[in-house]
Amino acid sequence: MAITNGTTNGTHNVPSKRYQAVFSSENIPSSEFQQRIEKVRNGVKAAGLAGLISFGDCWRGANVCYFTEFRPLDGVSDIANAIFFLGADTEPMLFVSKQCVHYASEVTTFDVFSFDEMRSKLEAFSKERTGTLALAGEAYIPEDLHRRIKAAIGNLRLEPHPVLAEIKAVKSEHEIALIRKASYLTDQAMEAIKEALADGQPHTERELALLADQRMLAGGAERTAYDSMVQTGYRSAFNLARPTDRVVQPGDLVMTDIGARYRGYCADGGRGFIYKTEQADARKKEIVRAAADAVEAGLAHGKPGMTASELNGFMQQALVKSGYEQYSSEARGHGTGHGTGMDPEEEAPWIGPGNKTVLRENMVFTLKATITVPDVGGLRTERIVRVTSTGLEALDVYPMELYW
């Protein structure tokens with residue numbers, strides 16, 4: 001494999017000293033990146049594909065970060081984007097903004113080029129080749145990049161394909177350890193909210209979200225996995241919303257959706273609770289129990305060899321039986337979980353109706369149940385799990401039924 005030495009010119013057979021210097025023992029080792037490339041190459045060949053073009057950006061980077069520690073930067077220019085290219089019989093290449101080539105080269109174990117060089121590289125590959133290039137990230141690749149790629153690949157077809165999603169759905173032991181740490185930090189964020197509310201003083205949604213973020217960052221998170229959500233009272237019946245200056249009131253249902261990003265890996269955690277439960281009516285307590293029971297059904301029945309659709313059926317049935325079907329998108333067929341890892345939401349496995357993906361050991365995904373009743377409140381209970389040889393293991397440990 002060609003290993004860059006911090007430039008787009010010379011290549012070497014070992015990682016550069018600079019790459020080794022910035023590498024941490026907690027990060028994914030360079031040898032694992034190489035193993036991933038070979039695994040995907042084999043998958044590309046087995047599918048009869050000519051190669052893979054994989055798009056990632058600063059928000060959804062997994063399709064690129066699976067192969068390199070480089071992650072695009074947030075911005076309105078091309079710094080926000082990256083393309084990974086792997087031919088079935090060629091060395092991999094990474095294409096990034098010319099402003100990011102040096103940074104990307106420092107943390108990437110193969111050749112890095114600017115987007116300005118992408119056309120010539122793809123044209124050289126495509127010359128006298130026919131067949132199909134798989135495209136990963138088709139749902140969010142910018143139209144300009146999509147058009148430029150198609151213009152460069154000659155007679156090759158560019159088509160969406162699940163080859164990468166299916167491979168990266170199964171996590172390595174290194175990946176699971178990092179997701180477990182991100183899950184722990186997310187649990188700590190919930191503890192920070194609980195501690196703040198224990199003083200009995202007024203607290204706003206914004207304040208609670210900020211305290212959660214601070215706890216995760218203080219514990220070692222590099223950032224939040226996504227914008228933290230805290231919704232109280234009637235606002236907890238909104239499926240997704242940003243926090244406001246509303247003060248949590250006694251008897252409120254509170255919805256939280258919070259996750260940490262640690263060393264490039266995410267937790268996607270959801271918990272709800274009742275604040276000052278003694279002032280809440282029985283229906284709010286039923287909502288908390290119904291969401292927790294649905295997730296428990298998934299934990300109890302999930303195992304390797306079953307399909308994602310079968311697992312979804314156990315949770316969906318529990319939500320329907322609870323009597324809250326009309327108030328739960330999961331009960332109505334939206335799906336009760338999704339893959340997670342380098343992105344909070346990854347393509348596979350999708351735990352939903354009709355999904356025939358077979359669950360395999362070390363797949364990592366969420367199990368979730370959302371109930372939102374207008375003018376009453378709601379919550380989302382979401383756990384991160386991995387498939388073991390016999391069932392499902394929760395990677396987060398915070399309780400699911402919370403009455404504070």
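This report describes two helices, a set of salt bridges, a buried aspartate and a buried leucine in a predicted model.

Local features are given where pLDDT is at least 70, side-chain atom pairs count only at pLDDT 80 or more, and totals for chains, interfaces and linings use all residues. Residues are numbered from 1 along each chain as its sequence is written, and side-chain values use heavy atoms, with hydrogens and water left out.

## Helices 9 and 11

Helices (H or I, at least four residues) and strands (E, at least two) are DSSP runs, numbered from the N terminus. Helix 9 covers residues 205-218. With 14 residues at 1.5 Å a residue, helix 9 should span 20 Å, and its end C-alpha atoms are indeed 20 Å apart. The expected span is 1.5 Å times one less than the number of residues.

Buried is used for under 20% relative accessible area, exposed for over 50%, and partly exposed for values in between (1.4 Å probe, protein chains only). The buried residues of helix 9 are Glu205, Leu208, Ala209, Ala212, Asp213 and Met216. They fall within an arc of 135° seen down the axis, so they line one face of helix 9. The arc is taken over the directions from the helix axis to the C-beta atoms. An α-helix has 3.6 residues a turn, so residues three or four places apart point the same way.

The buried residues of helix 9 pack against helix 8 (173-197), strand 9, strand 10, strand 11 and strand 12 (260-262); contact here means heavy atoms within 4.5 Å. After helix 9 comes glycine 220, with a positive phi near 120°.

Helix 11 (residues 308-321) has 14 residues, for which 1.5 Å a residue gives 20 Å, in agreement with the 20 Å between its end C-alpha atoms. Buried in helix 11 are Ala308, Ser309, Leu311, Asn312, Met315, Gln316 and Leu319. These cover an arc of only 155° around the axis, which puts them on the same side of helix 11. Their packing partners are helix 10 (282-301), strand 16 (346-351), strand 17 (364-373) and strand 19 (392-394). Glycine 323 follows helix 11 and has a positive phi, near 90°.

## Salt bridges

A salt bridge is a side-chain nitrogen of Lys or Arg within 4 Å of a carboxyl oxygen of Asp or Glu. The whole structure holds 27 of them. The table gives some of these pairs.

| Residue | Partner | Closest N to O distance |
|---|---|---|
| Aspartate 144 | Arginine 147 | 3.6 Å |
| Arginine 206 | Aspartate 245 | 2.8 Å |
| Aspartate 227 | Arginine 242 | 2.5 Å |

Aspartate 144 and arginine 147 are three residues apart in helix 6 (residues 143-152), about one helical turn. Aspartate 144 is partly exposed at 39% relative accessibility, and arginine 147 is partly exposed at 47%.

Arginine 206 and aspartate 245 form a salt bridge. Arginine 206 belongs to helix 9 and aspartate 245 to the loop between strand 10 (229-232) and strand 11 (253-258), so the pair ties together parts that are 39 residues apart in sequence. Arginine 206 is partly exposed, with 46% relative accessible area, whereas aspartate 245 is exposed at 54%.

Aspartate 227 and arginine 242 also form a salt bridge. Aspartate 227 sits in the loop between strand 9 (223-224) and strand 10, and arginine 242 in the loop between strand 10 and strand 11, 15 residues apart. Aspartate 227 is partly exposed at 46%; arginine 242 is exposed at 57%. Elsewhere, salt bridges that share partners join Glu143, Asp144, Arg147 and Arg148 into one network.

## Aspartate 268

Aspartate 268 lies in the loop between strand 13 (265-266) and strand 14 (269-274). Aspartate 268 is buried and has no salt bridge, the nearest side chain of opposite charge being arginine 380, 6.5 Å away. Lys and Arg count as positive and Asp and Glu as negative, while His and the chain ends are not counted.

The side chain of aspartate 268 does make polar contacts, with the side chains of tyrosine 226 at 3.0 Å and histidine 338 at 3.1 Å. A polar contact is a pair of N or O atoms within 3.5 Å; within protein, one must be able to donate a hydrogen and the other to accept it, and residues adjacent in sequence count only if both atoms are side-chain atoms. Beyond its neighbours within four places in sequence, aspartate 268 is in contact with residues including Asp257, Thr340, Glu345 and Glu382.

## Leucine 359

Leucine 359 is in the loop between strand 16 and strand 17 and is buried at 1% relative accessibility. The C-alpha atoms of leucine 359 and threonine 307 are 5.8 Å apart, with their places 52 residues apart in sequence. Not counting residues up to four places away, leucine 359 touches, among others, Ala308 and Leu311, which are among the buried residues of helix 11.
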